[in-house]
Amino acid sequence: MNLGLLDENATGIAAQNLTYALRCVAYSDAYLRMDANGVNNPAPEGAGTVNAQIGAGPWEQFVLIPQDGGTVGLLSAEWHNCYLRIGTPSPQQIKPINCQFGCGALEKWVVRFVGPNRVAFECSTLQGYYLSLNTEGATEGNGNGVGVAQGIQELTENSTFELVSKTS
């Protein structure tokens, strides 16, 4: 699969400051979810919980904020100044995903176009690692979210997302 950077489109999407739910295309109704309860200061290893939810409520809404080098930060629309973060424990091939107060190097993502209204988020610091969801067969949501969000080295349907506008 040939992946191209969404140059003008990614900048245009981010520059609009619209709110999106990120629906994983591998599942019929699974969305990226962030619980940043109590995340009020930067933490060395990040904090909070990022996983999935069946259906999209307030904790499943994100704003793509333009960053340097054509990257974006995935800012929670619900939690003040909390961004999606990839972890770096070594030598694991799969990286944990959580959140961080503020946007630093591990919170910047390259938006990759993978099809009509479909994108992948590649970590700009850990090139080749993509945001991915696995809902482990969940068909109903719950208050703690479902499944797991992680950074993987494969571009699959689990690491491909549809941007669902809050106005859609």
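Visitor: How many of the residues of the protein count as buried, and what makes a residue buried?
Guide: Of the 168 residues, 50% count as buried. A residue is called buried under 20% relative accessible area, exposed over 50%, and partly exposed in between, using a 1.4 Å probe and protein chains only. Please keep in mind that this is a predicted model, where local features need pLDDT of at least 70, side-chain atom pairs count only at pLDDT 80 or more, and totals for chains, interfaces and linings use all residues. Residues are numbered from 1 along each chain as its sequence is written, and side-chain values use heavy atoms, with hydrogens and water left out.

Visitor: Why is E122 called buried?
Guide: E122 has 8% relative accessibility, so E122 counts as buried.

Visitor: And why is N81 called partly exposed?
Guide: The relative accessibility of N81 is 26%, and therefore N81 counts as partly exposed. N81 sits in the loop between β6 (72-76) and β7 (82-86). Its phi is near 60 degrees, a positive value in a residue other than glycine.

Visitor: What makes N117 partly exposed?
Guide: N117 has a relative accessible area of 45%, so N117 is placed in the partly exposed class. The loop between β9 (108-115) and β10 (118-123) holds N117, and the phi of N117 is near 55 degrees, again a positive value in a residue other than glycine.

Visitor: You mention strands; which helices and strands does the protein have, and how do you know that they are there?
Guide: The protein has one helix and 13 strands. They are DSSP runs, numbered from the N terminus: H or I with at least four residues for a helix, E with at least two for a strand. From the N terminus on, the order is β-α-β-β-β-β-β-β-β-β-β-β-β-β.

Visitor: What makes a set of residues a nonpolar core, and which residues have the most contacts inside the largest one?
Guide: A nonpolar core is a set of buried Ala, Val, Leu, Ile, Met, Phe, Trp, Tyr and Cys residues joined through side-chain atoms within 4.5 Å. The largest nonpolar core here has 35 residues, and W109 and F121 have the most contacts inside it.

Visitor: Which residues is W109 in contact with?
Guide: Contact means heavy atoms within 4.5 Å. Leaving aside neighbours within four places in sequence, the partners of W109 include V72, L84, I97, F121 and L131.

Visitor: What makes a salt bridge, and how many does the structure have?
Guide: A salt bridge is a side-chain nitrogen of Lys or Arg within 4 Å of a carboxyl oxygen of Asp or Glu. A search of the whole structure finds six. Side chains of opposite charge can pair when their charged atoms come close.

Visitor: Why is the pair E107 and R85 called a salt bridge?
Guide: The closest N and O atoms of E107 and R85 are 3.7 Å apart, and the limit is 4 Å, so the pair fits the definition. E107 lies in the loop between β8 (95-101) and β9 and R85 in strand β7, so the pair ties together parts that are 22 residues apart in sequence. Both E107 and R85 are buried.

Visitor: Which distance supports the salt bridge of R112 and E122?
Guide: Their closest N and O atoms are 2.9 Å apart. R112 belongs to strand β9 and E122 to strand β10, ten residues apart.

Visitor: Where in the chain are E162 and R23, which also meet in a salt bridge?
Guide: E162 and R23 meet at 3.2 Å, N to O. E162 is in strand β13 (residues 161-165) and R23 in strand β2 (residues 19-24), 139 residues apart. E162 and R23 are both buried.
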